[in-house]
Amino acid sequence: MTTVLPRSREGLALAVATVSAATADLLLVEQDLTVLAVSDGFCRTFGIDRTSVEGQSIFTLGSGEWATPLITSMLTTTVSGGGNIDAYEVELCNTTRGEFRLSFDATMVRDTSGNGDLMLVAVTDPSETRMRERERESLFRDQGVLLQELQHRTANSLQIIASVLMQSARKTSSDELRGYLHDAHHRVMSVAEVQKQLAVTTLGSVALRPYLSQLCANIGASLIYDPAQLEIVVDAEDANIAPELSVSVGLVVTELVINALKHAFPGQRRGRIDVGYRSTPMGWTLTVADDGVGMPRERSPGGTGLGTSIVEALAKQLRARIDIGGSVGTKVTLAHVNLRVVAGTESELRRAV
């Protein structure tokens, strides 16, 4: 791209002053390849005195290493209108720095006053740029390792808390207190599973299928005494969801599965609990269904039959609607609708009509 610059006396003075004060490594060059102005950044990078460069041929820079056939050809072609140079790397050598590489950019500054065009030359050291990129990548990797270590330790701490709750449940003689401690144990374990999934991923999200599968396996291992009698089956799509969403989903599943294990299969009844998750651009649905005895016909006043208000609170947090039904057993569905997508679809339909 050619830059247009009216070369009046004031305009030329402004161009020289702008290049001279620049922190980047810049040269403003006449058509005969005489250096008109050199930037402060260039002087610092190459350790030169401005007065020894300005007014001299660009090929006298350094120890004469710029006078190579390749650089001469590139710059001569550019000032002759043969096209700009864009990030062309050249290997140079002098007595001070030894061998080094420079990346050249050269752009013609077109003069509308008829006094001759100028060429703006920018040079960078690609090795320094690559080194900074490697340092930045290394920093990101270190931060990722630290984050995973934190998540791993958090998961371990939560599992320790869950173990303490379970030990307390075994020691207490109160059936009611034992039930509360068991429930608290499973809720803590559901959050611990999120942390475990985060500790093995670099995506900053939770893989839902293995998370729910492990969560339900843990619940079943502690509450199902005979796996031949009862089973929990997870049918969730391969999806990655945000950690905060996965915590709420996990707590909902924990509450509903525990509730089904407690109430849906009395008298050593055989059965199955199905946990499912499906999503579309329009929203997502989470279901926990059992083939047990079903919901009681008469529910307690003010209650939902779920045994706790935690599910209702979590559904409100997730902006999801709760539906309870099931022709056989009980099926609880949480449905979340993506209102933005729905609104956009309705708007498109109205425009189409």
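Q: Which helices each supply at least two residues of the lining of the largest pocket, and which helix gives the most?
A: In this predicted model, the lining of the largest pocket draws at least two residues from each of helix 5 (175-199), helix 6 (208-223) and helix 7 (243-263). Among the contributors to this lining, the one that gives the most does so with four residues, and that element is helix 5.

Q: Which residues lie nearest the centre of the largest pocket, and what is its volume?
A: The lining of the largest pocket comprises 17 residues, and those that lie nearest its centre are Leu-223, Ile-224, Tyr-225, Leu-230 and Leu-261. Rolling a probe the size of a water molecule over the atoms shows where empty space is left. For the largest pocket, the volume comes to about 470 Å³.

Q: How do the residues of the lining of the largest pocket divide into nonpolar, polar and charged?
A: The lining is made up of 17 residues, and sorting them by side-chain class places residues in each of the three groups. The division is seven nonpolar, six polar and four charged.

Q: Is Ser-103 buried or exposed, and with which residues is it in contact beyond its neighbours within four places in sequence?
A: Ser-103 belongs to strand 5 (residues 98-110). Because its relative accessible area is 7%, under the 20% cut-off, Ser-103 is buried. Once neighbours within four places in sequence are left aside, the contacts of Ser-103 are Ala-87, Tyr-88, Glu-89, Ala-122, Val-123, Thr-124 and Pro-126.

Q: Is Leu-92 buried or exposed, and how far apart in space are Leu-92 and Thr-68, C-alpha to C-alpha?
A: Leu-92 is placed in strand 4 (residues 85-94), and with 3% relative accessibility Leu-92 counts as buried. Beyond its neighbours within four places in sequence, Leu-92 is in contact with Glu-65, Trp-66, Thr-68, Ile-71, Gly-98, Glu-99, Phe-100 and Leu-102. Of these contacts, Thr-68 is 24 residues apart from Leu-92 in sequence, and the C-alpha to C-alpha separation of the two in space is 8.6 Å.

Q: How many disulfides does the structure hold, and are Cys-43 and Cys-216 buried or exposed?
A: A disulfide is a covalent bond between the sulfur atoms of two cysteines. Cys-43, at 11% relative accessibility, counts as buried, and Cys-216, with a relative accessible area of 3%, is buried. The number of disulfides in the structure is zero.

Q: What is the phi of Leu-33, and where is Leu-33 placed?
A: Most residues other than glycine have a negative phi, and most peptide bonds are trans. Leu-33 is not a glycine, yet its phi is positive, at about 65 degrees. With 7% relative accessibility Leu-33 counts as buried, and its place is the loop between strand 2 (26-29) and strand 3 (35-38).

Q: Where is Gln-268 found, and is it buried or exposed?
A: Gln-268 also has a positive phi, of about 60 degrees, although it is not a glycine. Its position is in the loop between helix 7 and strand 10 (271-280). Because its relative accessibility is 67%, over the 50% cut-off, Gln-268 counts as exposed.

Q: Of the contacts in the chain between residues at least 6 apart in sequence, what percentage join residues at least 24 apart?
A: The chain is built with nine helices and 13 strands, and 38% of its 353 residues count as buried. Its exposed area is about 20,100 Å², of which carbon and sulfur atoms supply 54%. Among contacts between residues at least 6 apart in sequence, the share that joins residues at least 24 apart is 55%.

Definitions and conventions: Residues numbered from 1 in each chain as written. Predicted model: local features only at pLDDT ≥ 70, side-chain atom pairs only at ≥ 80, totals over all residues. Heavy atoms only, no water. 1 Å grid on protein atoms, 1.4 Å probe; cavity = no way out; pocket = protein on both sides within 12 Å on 5 of 7 lines; lining within 4 Å. Points joined across faces, edges and corners; volume = space filled by probe spheres on them. Nonpolar A, V, L, I, M, F, W, Y, C, P; charged D, E, K, R; others polar. Buried < 20%, exposed > 50% of the residue type's maximum accessible area, 1.4 Å probe, protein only. Contact = heavy atoms within 4.5 Å. Disulfide = S-S within 2.5 Å. Areas by Shrake-Rupley, 256 points an atom, 1.4 Å probe, with all protein chains shown as cover.
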